[in-house]
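Let's take a friendly walk through this model, from the whole chain down to a few side chains. Keep the viewer open and follow along.

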Amino acid sequence: MPSRAGGESAGKTHKEESNSMTSTSPSSSSQAERILSFWHKIEFFESAELKDIDNGKGAIHYRSDELLEAPNCLPWLDAEMVRRAGKDYRPEKTYRFKLYLGLFARSEIFRVARGAYPEKTEAWVERSRDEGLTCSMTVEVDVNGIIDRESFAISTAPWMLGALQQGTLDDVTIKAFNDATGIFRERLNTILTVADNLKREHELPPKLTNFELIEMLKAMQGWTAFSPQDEAPALVVQLFGSKANAAAGPATSNANDVREWAAVSALTPRLESASHDMATDQKAAAPSDEETPSINEIAILNSFFIRDLETVIEQAKRKGLAPGSPLARYLQGECDRHPDLLLPEGRSLLMRNLALHRMPAGRWPGEDVHSMSLMQQFAINTLDETLAETGLYSVNGPPGTGKTTMLRDLVARNVVKRAKVLASLSSPEAAFGEDIHANIDDQLKPIKTLIPELTGFEMVVASSNNAAVENVTQELPQSKALGAAYHDLAYLKPVGQKLAAGHDKKSDGKLHVDALTLGKECWGLIATSLGKKGNRNTFGERVFFKPISQCETHGDAEHYSTLVPALKALAEGRDAKRDFHSAQRAFKVAERQVEAVQQDLKRLQELQRLETQTDAAQRQAESHRGFAARVALWKSKRQAIKVRFWPLGKYCRNRALLQQMQQREKRAVRQAEVSQQRLASMERRLETERRECAPLQDTYADVLLPDDTLDLEAPAVQRTSFGHCEVLNQARGQLTACAFELHQAWLVATYDDKQNQLWPTLSSLMPVLNGSIDDRDAAKALWQMLFMIVPVVSSTFASVSNQFRALNEGEIGWLFVDEAGQASPQQAVGALWRAKRAVVVGDPLQIEPVFTVPAGLVEAMARGEFDGDWYKWSPTVSSVQVVADRANPYGTNMISDEFWVGSPLRVHRRCDEPMFSIANRIAYNDKMLHGNDELSPGPGDSRWFDVEGSVQGKHFVPSQAEQVARMLKPYIEKTGEPPNVYVISPFKAVANGIRRHLEQELPADFFGGRDRLADWLRRRVGTVHTFQGKEEDNVIFVLGLSKESPGAADWASSKPNLLNVAVTRAKKRVYIVGSTDVWAGKKYFSDAKRQVPYD
């Protein structure tokens, strides 16, 4: 995470900005409202990144003059224009279209912002995502060339940029934007209505023409004062193949068509003429039997988070956030902290929360010999208690410390908890409450509801990183995620296999399904990636709609199945209800086995405690015997002293003293006897316990039990956790396996019992995923049923608002946020609001969020709203992880000098040396420990190649790219295959330069041609940000820069994050390519230089 000073060059402070996007002033707003409103305003500057719109590659670009001079240039007016989209596009085919209007370079946003807030740093440049084009508005056109008036979407960015250029940002409010957009919407309605009337007057079809588009562009100029400087197309038309038939076949064009469409050129004077305003339009429209539709609402194009933020802001104002909820905790700021977990003061807290009885009953059924580390189990136990009802908990996981492993155990915890409810049911149907009747797909359907005890276990994994969430949900169902003892475990396995298998439509028109390859086999339908439309369609096709019988299968794929046939097959020839009751009994037996093992461990712990007490009793008995002996010696010495009878006073005092000493001796002897008796009793008990526990000690020889004498900093203690041993791991893993089997038995029994009528509910699951069910109660019930079938669903933050729009506050049982250090804090708001419990996992010392909004502008706004506390809420310096950590009372200040780290994981298991020691020293204050006690010391083959040279362009040094080529080419030519390597740089220009150089230098034939080489380079060469969350055997870290232009090295070395991520991508070797004169003396890089030999 950046230091506070890292963003303090933002410049201007606008105190008035504090209420610029809210309808209330800070003095009357709660802190939550102020924070949410600030984030809401930031989102207005977001820009939509346009992809797949290159001219001639599926899209057609138009300049303004072409729209003005060529009335038939649009592909739905003249089918020949379709050819402009590329060689694969044919006039005889049918297409639908997406239009992008008012395009401009995304860099324009940063240019305008820097004009208003001119200060900038290298960090802002490198962390900014400002490449490519964006647009002001999109709209869709159908195969008949008719505009879809419900498809309009507008970007808020141009309007905000116009306000910024005019210097009126202080006056910007939500109301002002809505008012301006309302006027713009009415203008669009007027343009389309008048154009439709003109077409009717001239008996023309209602197709969209250039003339409406030109007027829309004019209206856009009136809506925003923003004026781009760089040239960009006025319009881009993107083509999509369609199976729908056009009403009159493909469009053709001739001179008469041009003259006919020219009649619509009267649109401009008609719009300008007051006498031909709406009254004329209505008169012209009178003969039509069909009422012209209007644009009722314009969607937000550029931000996935604006509408969710508005929803939450409205609730915060109306009734407040639920007390203690994830979002309420997230927005509270600082909290009362418990003692630092890594200081001696935190020891008692660690020991308390690591007590054996706090361990959840279930664990992921992995290898039984593997155990959680101490801090992994601390996090699991603590959040199990802390989030019993609701709340937020953060876990900091440096690279390779087992974040995903911990999440697996949390999944197992929830599946076991829900299975415990299933095991208590008298019958399968007892899981259901009262049906809800809802109109779905024009049918009134009975939707099953679950009893409340079975809800609250829904699990969603969310992240800003699409690869991160998909990796989690792809790994959970894979057989390699299970231990060897559980390879027979199957939970709706044929369905999970079909979901994971590739489905390819080939030239024969059939859908081909290939058998899963080794390492990709699945054991069950435990998780799926949803969110974006493509993922939902994949899930629907593979799980519901495309039976394997309708596919061309290869190998074992013939045994794969969609859900309903799988349920039927599992029920065929069996008594499904009896199987359910058998699964209940098996679960209870497994549960008792876990309890029995825990009782054994409790007895061993009591034995250990008795040994400790006996040792203490022995020391006490020895102390008491020694004291009695000293008293006797003292008395005897006193008795040996002869005291004369006279003077009488002295004699009497000596006699009294002797009497006192005799009494003290008696007491001391008695105390020694009692201590000895107590010791003898304890020794007898200890002997008995040792004899009786001898078999247990043999059985649990590998267990570590809590002990007040343990050194919690010892690597051997940190690598495991109290109570973890192979026998307990096996019992807990078996319980989880039985929990999955019970879930499957319940689902099969409920489907098999026709009285339950489960099919209407199952058939409605895809409509709820696609958002086509308006009945909120029915939608909620369907989501809960989906999670009974598929326990874990993943989604990016960007898709949460759309995917889960039917769910309100606290209606997702568990939210797991992954790679939270990469996400801007506002991105998590919608997910946190919908969650009952949230676990935020990440590392603020790895990659920080990229800037999609100019940093100087954001920080100026933050200062205006929060004054000295601006850094706490500004996305330029605070991520989801940092904000969540601030609200977590469990953590430490011992890892970072700058911020509180929530619930740290400490045992690293990924990298060899020197990568581990470099990362540990520069980023984690040497608080990580390696999971391998036999880790080889020294740098191994890792090297720093001292390569100097002149900079070409910005940062890129060609001689360093040549060094990379010299490293890769011999390996490729010797082995005939690409190496397992990532080539990483801190700078975009260096990564791009290396990619270009290697594209020319590497032998393309070994990759299968130039295209495949280019694809390999896209996946293997990039900036540090590109490779967050990934790992490879080897990493080449190319630094760039020269002695003549070394300035950017100060930015790259200002924090440990970049170097930390780069070196920890490498499991076996890291090669650094760069000038030691430029880099070796820089902070953090000097540590790397000491660890890595150089050539």
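## The chain as a whole

Of the chain's 1095 residues, 57% count as buried, where buried means under 20% relative accessible area, exposed over 50%, and partly exposed in between (1.4 Å probe, protein chains only). This is a predicted model, in which local features need pLDDT of at least 70 and side-chain atom pairs count only at pLDDT 80 or more, while totals for chains, interfaces and linings use all residues. Residues are numbered from 1 along each chain as its sequence is written, and side-chain values use heavy atoms, with hydrogens and water left out.

The secondary structure amounts to 39 helices and 28 strands; helices (H or I, at least four residues) and strands (E, at least two) are DSSP runs, numbered from the N terminus. The C-alpha trace spans about 145 × 80 × 70 Å along its principal axes. About 46,300 Å² of the chain is exposed, and carbon and sulfur atoms supply 47% of that area; accessible areas come from the Shrake-Rupley method with a 1.4 Å probe, and for residues only the protein chains shown count as cover.

Contact here means heavy atoms within 4.5 Å. Among contacts between residues at least 6 apart in sequence, 80% join residues at least 24 apart. L356 offers an example to look at: this residue is found in the loop between α13 (347–353) and α14 (374–386). Leaving aside neighbours within four places in sequence, L356 is in contact with L601, Q605, L705, P706, F722 and G723. The C-alpha atoms of L356 and Q605 are 9.5 Å from each other, with their positions 249 residues apart along the chain. L356 counts as buried because its relative accessibility is 13%.

## Aromatic rings

A pair of aromatic rings is described by the distance of the centres and the angle of the planes. Rings of Phe, Tyr and Trp (its six-membered ring) pair if their centres lie within 6.5 Å; planes under 30 degrees apart count as stacked, over 60 as edge-to-face and the rest as tilted. The whole structure holds 29 aromatic pairs. One of them is W814 with F816, a tilted pair at 6.2 Å centre to centre and 45° between the planes. Both W814 and F816 are buried. Another tilted pair joins F1007 and W1016, at 5.2 Å and 55°. F1007 counts as buried because its relative accessibility is 8%, and W1016 does so at 6%. Ring pairs also link F987, F1037, W1051, W1079 and F1085 into a cluster.

## Salt bridges

A salt bridge is a side-chain nitrogen of Lys or Arg within 4 Å of a carboxyl oxygen of Asp or Glu. The search of the whole structure finds 52 of them, including these:

| Salt bridge | Closest N and O atoms |
|---|---|
| E334 and R337 | 3.1 Å |
| D575 and R578 | 4.0 Å |
| R670 and E673 | 3.7 Å |

R578 is exposed because its relative accessible area is 56%, whereas D575 is partly exposed at 39%. R670 and E673 are 3 residues apart in helix α21, so they are separated by about one helical turn. Salt bridges that share partners join E334, R337, D869 and K872 into one network.

## A loop tryptophan

W646 is found in the loop between α20 (576–639) and α21 (648–699). Is W646 buried or exposed? W646 is exposed, because its relative accessible area is 65%.
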